[in-house]
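Please examine the sequence and structure shown below. The discussion that follows considers ring contacts and one helix in turn.

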Amino acid sequence: MTYPTDLNLPLFERARALIPGGVNSPVRAFRAVGGTPRFITRGQGAYLWDANGERFIDYIGSWGPMILGHGHPAVLEAVHRAVDLGLSFGAPTERESELAEAIMRHLPSIEELRLVSSGTEAGMSAIRLARGATGRSKIVKFNGCYHGHADALLVKAGSGLATFGHATSAGVPEVVVQDTLVLEYNDVAQLEEAFALHGKAIACVIMEPIAGNMNFVRASIPFMRAARELCTRHGALLIIDEVMTGFRVALGGAQSLYAQAIPGFTPDLTMLGKVVGGGMPLAAFGGRRDVMEQLAPLGPVYQAGTLSGNPVATACGLATLREVARPGFHEALGARTRALIAGLSQAAQAEGVAFCGDSEGGMMGYFLLPALPRNYPEVLRSDGARFNRFFHGLLDRGIYTAPALYEAGFVSSAHSAADIEETVAAAREVFKTLHN
Ligand code: KE4
């Protein structure tokens with residue numbers, strides 16, 4: 001719906017005079033899809049309201065954290081209680097251990113962990129730890145995967161396998177990324193060749209187990225198995241970035257799903273974020289005790305943070321994990337998310353629009369393509385203009401989805417069957433406008 005006096009416009013104008021692009025994180029600016037970002041005034045359950053008072057069914061969920069929907073009573077009560085006791089102490093609190101125990105209860109690969117304030121911090125710290133623990137400098141990441149904006153990870157593929165990456169951002173000196181090798185996701189042969197060429201110099205392989213930064217691309221079982229086996233054989237560490245998938249796709253994260261298919265599969269380090277903080281600034285990285293104990297103050301790898309383990313954020317994360325750990329939570333959430341993808345697929349088919357989607361737990365993705373992409377170049381085959389028309393068609397009908405082709409979507413436990421039906425009905429109307 002468009003309003004004659006769209007109150008988002010003056011808010012955006014004001015913000016753009018104060019904050020680069022008017023936003024505190026680039027994807028929020030709608031640059032990829034065009035139009036004016038909605039300035040959100042409040043969230044409740046599966047819904048957001050913007051400055052015009054318009055209600056949206058929210059499939060971004062703050063880019064993943066809001067798995068319970070907005071304003072879950074148990075979470076708000078825990079946060080209010082914590083706030084009344086103090087906002088930050090810069091000293092250890094019992095609740096940090098409680099949260100660590102709750103995380104380890106569900107991710108047994110984590111023997112020790114450290115809490116930080118963002119997924120970027122988790123990734124930056126995990127890379128430094130891997131390099132410090134192995135005494136090696138080279139790292140392997142994959143085209144299309146995003147692990148936060150630490151310099152060493154803002155890298156695109158080099159011209160050839162043997163050449164190392166080039167920075168994707170200004171301000172990142174080439175010397176910083178010369179040790180970062182960027183390979184194609186799901187390409188086992190490339191990974192094997194990289195280790196054959198550089199095996200003894202590789203500190204770690206870092207990957208998203210389900211790449212939500214390519215919208216939704218799963219690591220194949222052979223690819224994940226090869227990553228694990230090659231790291232083990234060459235003494236490199238396997239870092240699984242579960243910032244998006246942790247507690248979102250399954251209670252044990254994506255790693256628990258791969259462990260079902262690959263006997264004994266376990267990462268050396270795991271990154272967590274988003275859901276683990278329940279919407280507050282909290283993330284974590286953890287894994288093998290012998291590796292984690294290389295961290296200061298025990299070992300030579302420095303890592304720190306004023307607000308790490310913040311008492312309000314840990315209260316929010318703990319209350320969130322308590323709810324997602326309830327029996328049947330992920331089964332019900334997965335069924336609801338699958339119903340959404342199935343409904344969208346049926347609607348697209350009925351209107352003769354190429355569409356495919358996939359989901360795991362409360363994480364989903366879809367493409368205006370005939371078949372699911374297996375890597376970034378295949379994702380790039382998407383027609384961005386048609387995607388943008390689909391995005392705006394949904395937004396005009398009160399459906400709030402990711403304003404970028406390469407972003408995953410999220411369903412919360414607050415989304416009802418009626419919300420899914422309303423979303424599918426809106427999508428069908430938009431598909432009618434997308435005829436090739
Ligand atoms: P943060 O620093 O944004 O907390 O986390 C970085 C990060 C690390 N790893 C994965 C797999 C991630 O998806 C992210 C952050 N995700 C983006 C959306 N794709 C956050 C949204 C934004 O950048 O505003």
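Over the ring of which residue does the charged end of Arg16 sit? In this predicted model, the charged end of Arg16 is placed over the ring of Phe12, at 4.5 Å from its centre. A further contact of this kind involves Arg55, which lies over the face of Tyr47, 4.0 Å from the ring centre.

Aromatic rings also pair with one another, and the count comes to 13 aromatic pairs. Among them is the pair formed by Tyr258 and Phe265, whose ring centres are 6.4 Å apart and whose planes make an angle of 55°, a tilted arrangement. Tyr258 is buried, with a relative accessible area of 6%, and Phe265 is buried as well, at 7%. Elsewhere, ring pairs join Phe355, Tyr366, Phe390 and Phe431 into a cluster.

Attention now turns to helix 3. Helix 3 comprises the 13 residues 94–106 and spans 19 Å from its first C-alpha to its last, close to the expected 18 Å. Its buried residues are Leu99, Ala100, Ala102, Ile103 and His106. Viewed down the axis of helix 3, these buried residues fall within an arc of 160°, so they line one face of the helix. The general geometry is familiar: an α-helix has 3.6 residues a turn, so residues three or four places apart point the same way.

What does the buried side of helix 3 pack against? The contacts of its buried residues are with strand 4 (112–116), strand 13 (269–272) and helix 10 (311–324). The face turned away from the buried side of helix 3 carries the exposed residues Glu94 and Arg105.

Methods
Residues numbered from 1 in each chain as written. Predicted model: local features only at pLDDT ≥ 70, side-chain atom pairs only at ≥ 80, totals over all residues. Heavy atoms only, no water. Helix = DSSP H or I, 4+ residues; strand = E, 2+ residues; numbered from the N terminus. Expected span 1.5 Å × (residues − 1). Buried < 20%, exposed > 50% of the residue type's maximum accessible area, 1.4 Å probe, protein only. Arc of directions from axis to C-beta. Contact = heavy atoms within 4.5 Å. Phe/Tyr/Trp six-rings, centres within 6.5 Å; stacked < 30°, edge-to-face > 60°. Lys NZ or Arg CZ within 6 Å of the ring centre and 35° of its normal.
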